Amino acid sequence: MESLRGRGEPDAYFRTQLALQVPGGTLPVHYTSWCEDADPAGQITFGLLDRSD
C-alpha cells in the first residue's frame, strides 16, 4: 500500500482499499483522502465507504 507521508501538498489525493479491524472481524472499506488549498497546513480530509454486503 502506498504511504500517506508527504501527502500534504495542495490537491494531493489518495485512494485505496483497506480491511479495518473491528470487534468480531474485519470491515472492508474504500479509503479516500485529499488536501485542499483552503485547509490548514498538515490537515487532510478523509472518507471511508463500507464495502461489505
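Trainee: Strands are DSSP runs of E, at least two residues long, numbered from the N terminus. In which strand is the place of Gln17?

Mentor: Keep in mind that this is a predicted model. The chain reads β-β-β along its sequence. The first of these labels, β1, covers residues 13–22. The place of Gln17 is in strand β1.

Trainee: How many helices does the chain have?

Mentor: The pattern along the sequence is β-β-β. The secondary structure comes to three strands, and the number of helices is zero.

Trainee: Is Gln17 buried, partly exposed or exposed?

Mentor: Buried needs under 20% relative accessible area, and exposed needs over 50%. Gln17 has 47% relative accessibility. That value falls between the two cut-offs, so Gln17 counts as partly exposed.

Trainee: Which residues does Gln17 contact, leaving aside neighbours within four places in sequence?

Mentor: Take Arg51 first. Its C-alpha is 9.1 Å from that of Gln17, and the two residues are 34 apart along the chain. Contact is judged on heavy atoms, within 4.5 Å. By that rule Gln17 is in contact with Val29, His30 and Arg51.

Trainee: How far apart in space are His30 and Gln17, C-alpha to C-alpha?

Mentor: Gln17 sits in β1, and His30 sits in β2, residues 25–34. They are 13 residues apart in sequence. In space, their C-alpha separation is 4.5 Å.

Trainee: How many bridges join β1 to β2?

Mentor: These two strands run antiparallel. One bridge links Gln21 to its partner in β2, Thr26. The number of bridges joining β1 to β2 is ten.

Trainee: Which residue in the turn of the hairpin has a positive phi?

Mentor: β1 and β2 form the hairpin, with two residues between them. The phi in question is about 95 degrees. The residue is Gly24.

Trainee: What is the relative accessible area of His30, and which residues does His30 contact beyond four places in sequence?

Mentor: The class of His30 is partly exposed, because its relative accessible area lies between 20% and 50%. The value is 27%. Its contacts are Thr16, Gln17, Gly47, Leu48, Leu49 and Arg51.

Trainee: Is Thr32 buried or exposed?

Mentor: Thr32 is also in β2. It touches Tyr13, Phe14, Arg15, Thr45, Phe46 and Gly47, not counting residues up to four places away. Its relative accessibility is 16%, under the 20% cut-off, so Thr32 counts as buried.

Trainee: What kind of aromatic pair do Phe14 and Tyr31 form?

Mentor: The count of aromatic pairs comes to two. In the pair of Phe14 and Tyr31, the ring centres are 6.3 Å apart, with 65 degrees between the planes. Phe14 lies in β1 and Tyr31 in β2, so the pair ties together parts 17 residues apart in sequence. Planes over 60 degrees apart make this pair edge-to-face.

Trainee: Are Phe14 and Tyr31 buried or exposed, and what kind of pair do Tyr31 and Phe46 form?

Mentor: Phe14 has 5% relative accessibility and counts as buried. Tyr31, at 11%, counts as buried too. The rings of Tyr31 and Phe46 are 6.0 Å apart, centre to centre, with 20 degrees between the planes, and the pair is stacked.

Trainee: How many residues apart in sequence are the parts that the pair of Tyr31 and Phe46 ties together?

Mentor: Ring pairs link Phe14, Tyr31 and Phe46 into a cluster. Tyr31 lies in β2 and Phe46 in β3. The sequence separation that this pair spans is therefore 15 residues.

Trainee: What accessible area does the nonpolar patch on the surface have?

Mentor: Its members are Leu20, Val22, Ile44, Phe46 and Leu48. Strands β1 and β3 (45–50) each supply at least two of them. Leu48, in β3, is partly exposed at 45% relative accessibility. Together the patch residues have about 410 Å².

Trainee: What share of the chain's residues is buried?

Mentor: The accessible surface of the chain is about 4100 Å², with 52% of it on carbon and sulfur atoms. The chain has 53 residues, and the buried share is 19%.

Technical notes:
Residues are numbered from 1 along each chain as its sequence is written. This is a predicted model: local features need pLDDT of at least 70, side-chain atom pairs count only at pLDDT 80 or more; totals for chains, interfaces and linings use all residues. Side-chain values use heavy atoms; hydrogens and water are left out. Helices (H or I, at least four residues) and strands (E, at least two) are DSSP runs, numbered from the N terminus. Buried means under 20% relative accessible area, exposed over 50%, partly exposed in between (1.4 Å probe, protein chains only). Patches are made of residues with over 30% relative accessible area and no salt bridge: like charges are joined within 9 Å, nonpolar side chains (Val, Leu, Ile, Met, Phe, Trp, Tyr) within 5 Å. Accessible areas come from the Shrake-Rupley method with a 1.4 Å probe; for residues, only the protein chains shown count as cover. A salt bridge is a side-chain nitrogen of Lys or Arg within 4 Å of a carboxyl oxygen of Asp or Glu. Rings of Phe, Tyr and Trp (its six-membered ring) pair if their centres lie within 6.5 Å; planes under 30 degrees apart count as stacked, over 60 as edge-to-face and the rest as tilted. Two strands pair if DSSP finds at least two bridges between them.
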